[in-house]
Amino acid sequence: MKKLVFLTGAGISAESGITTFRDSGGLWEQYPVEAVASIQGYYRDPELVINFYNERRRQLSTVQPNDAHRLVATLEKFYDCCVVTQNVDNLHERAGSHRIIHLHGELTKATSTENPNDPSQVVMLAEDQDIRIGDKANDGSQLRPFIVWFGEAVPMIEPAAEAVSEADIVVVIGTSLNVYPAAGLLGYARRDAVVYLIDPSPNNVPGYLPVHIIAKKATEGMQELYEELTHKG
Ligand code: APR
């Protein structure tokens, strides 16, 4: 089976009702990213940050995967698929995708403040479960969201880069390609790989490799691409 790697961002979850970050009205217009999504912000005001992610986690039980997530999962029937996502929601999982690499963490997990990347510190959270100041991780330090904040390492970038470097087809969906190292993953694509990008307003598309741009929303673009990749069109 040919290897197909998806690189998804907030745009694939937009049609599920989850706000993106940098579109007009996006999350970073409502909250100062430095205050709620950086390691400095967490140490400055842990309760503010913990509650910001409690709010986003609670939203998970009010949204559903959309057809784009479902078509991504269905392509596992035809390709050896891997989803590399910058999203911290669980919509790819709920749509049925099996191999998912979360570059920026997951809302449904929590970890230790002292040793955030120690696997023995990572615990699952229910969608309606809040983290409170005073909740302790296994190592006794404050429990924190299992999220990669600005200023922190991105431990999953290596397996993600390896997946892209082995891909026959790479499909970018709904990311502004603004944030590194995620935005640099396309640089690992083989020169003979076929690259598609689905985004109603594509930006930062790298000029150094041929990209088939589908300037549509994720659900429409994935329907078109699904038909092309399964020759149903
Ligand atoms: N379908 C497809 N793409 C869409 C849709 C849609 N319905 N609506 C918006 N988009 C596109 C926008 O045009 C934009 O290119 O999705 C992209 C969203 O970009 P961002 O808001 O920057 O989201 P993302 O690229 O995922 O951000 C990367 O930044 O703040 C950090 O950690 C956060 O993971 C996030 C990272």
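Which residue of strand 9 does Tyr196 stand opposite? The legends below take you through close-up views of this predicted model, and the answer comes in the second one.

**Figure 1. Six strands build an open, parallel sheet.** Read across the sheet, the strands come in the order 3-2-1-7-8-9. Strand 3 (100-102) and strand 9 stand at the edges. Each of these two has a single partner strand, so one of its sides is left without a neighbour in the sheet. On average, and ignoring direction, neighbouring strands of this sheet are turned by 15 degrees against each other.

**Figure 2. Strand 8 pairs with strand 7 and with strand 9.** Start with strand 8, residues 194-198, where 4 of the 5 residues are buried. Strand 7 (residues 169-173) pairs with strand 8 in the parallel sense, over 5 bridges. Strand 9 (residues 211-214) also pairs with strand 8 in the parallel sense, here over 4 bridges. Now find Tyr196 in strand 8, with Val171 opposite. Here is the reply to the opening question: Tyr196 stands opposite His212 in strand 9. Further along, Ile198 has Ile214 of strand 9 as its bridge partner.

**Figure 3. Two helices lie across strands of the six-stranded sheet.** Helix 8 lies across strand 1, strand 2, strand 3 and strand 7. Its direction makes an angle of about 130 degrees with strand 1. Helix 9 lies across strand 1, strand 7, strand 8 and strand 9. Compared with strand 8, helix 9 runs at about 155 degrees.

**Figure 4. The largest nonpolar core has 26 residues.** In soluble globular proteins, nonpolar side chains tend to be buried together. Which members of this core touch the most other members? They are Val5, Val84, Leu103, Val170 and Leu185. Strand 1 (3-8), strand 2 (80-85), helix 8 (157-166), strand 7 and strand 8 each give two or more residues to this core. Helix 8 gives the most, with 5 residues. Apart from this core lies another one, of 22 residues, and among them are Val171, Ile173, Ile214 and Tyr226.

**Figure 5. A close look at Leu103 and its contacts.** Neighbours within four places in sequence are left aside in this view. The contacts of Leu103 then include Val84, Thr85 and Gln86. Val148, Val154, Met156, Ile157 and Ala160 are in contact with Leu103 too. Ala182 and Leu185 complete the list.

**Figure 6. Helix 6 meets helix 9.** The axes of helix 6 (residues 67-74) and helix 9 (residues 218-229) come within 8 Å and cross at roughly 25 degrees. Angles under 35 degrees count as roughly parallel, and the two helices are therefore roughly parallel to each other. Helix 6 passes helix 9 in a left-handed crossing. On the helix 6 side, look for Asp67, Ala68, Leu71, Val72 and Thr74. They meet Ala218, Thr219, Met222, Gln223 and Tyr226 in helix 9.

**Figure 7. The loop between strand 7 and strand 8 holds Leu177, Val179 and Pro181.** Leu177 has a positive phi of about 50 degrees, although Leu177 is not a glycine. Is Leu177 buried or exposed? Its relative accessibility is 6%, so Leu177 counts as buried. Val179 counts as buried as well, at 15% relative accessibility. Setting aside neighbours within four places in sequence, Val179 is in contact with Arg22, Gln86, His104 and Phe150. Val179 and Phe150 are 29 residues apart along the chain, and their C-alpha atoms are separated by 9.4 Å. A cis peptide bond joins Tyr180 and Pro181, with omega at about 5 degrees.

**Figure 8. Asn204 sits in the loop between strand 8 and strand 9.** Asn204 is not a glycine, yet its phi is positive, at about 60 degrees. With a relative accessible area of 45%, Asn204 is partly exposed.

**Figure 9. Three strands form an open, antiparallel sheet.** The order of the strands is 5-4-6. Strand 5 (123-124) and strand 6 (143-147) stand at the edges. Each has a single partner strand, so one side of each is left without a neighbour in the sheet. Strand 4 (residues 105-112) and strand 6 run antiparallel and are joined by 4 bridges. In this pairing, Thr111 stands opposite Arg144 of strand 6. Helix 5 (residues 46-59) lies across strand 4 and strand 6, at about 55 degrees to strand 6.

Key
Residues are numbered from 1 along each chain as its sequence is written. This is a predicted model: local features need pLDDT of at least 70, side-chain atom pairs count only at pLDDT 80 or more; totals for chains, interfaces and linings use all residues. Side-chain values use heavy atoms; hydrogens and water are left out. Buried means under 20% relative accessible area, exposed over 50%, partly exposed in between (1.4 Å probe, protein chains only). Two strands pair if DSSP finds at least two bridges between them. A nonpolar core is a set of buried Ala, Val, Leu, Ile, Met, Phe, Trp, Tyr and Cys residues joined through side-chain atoms within 4.5 Å. Contact means heavy atoms within 4.5 Å. Axes are lines fitted to C-alpha atoms, for helices over the stretch in contact, and angles run from 0 to 180 degrees between N-to-C directions. Angles under 35 degrees count as roughly parallel, over 145 as roughly antiparallel, 65 to 115 as roughly perpendicular and the rest as oblique. A crossing is left-handed if the near helix is turned anticlockwise from the far one by less than a right angle, and right-handed if clockwise.
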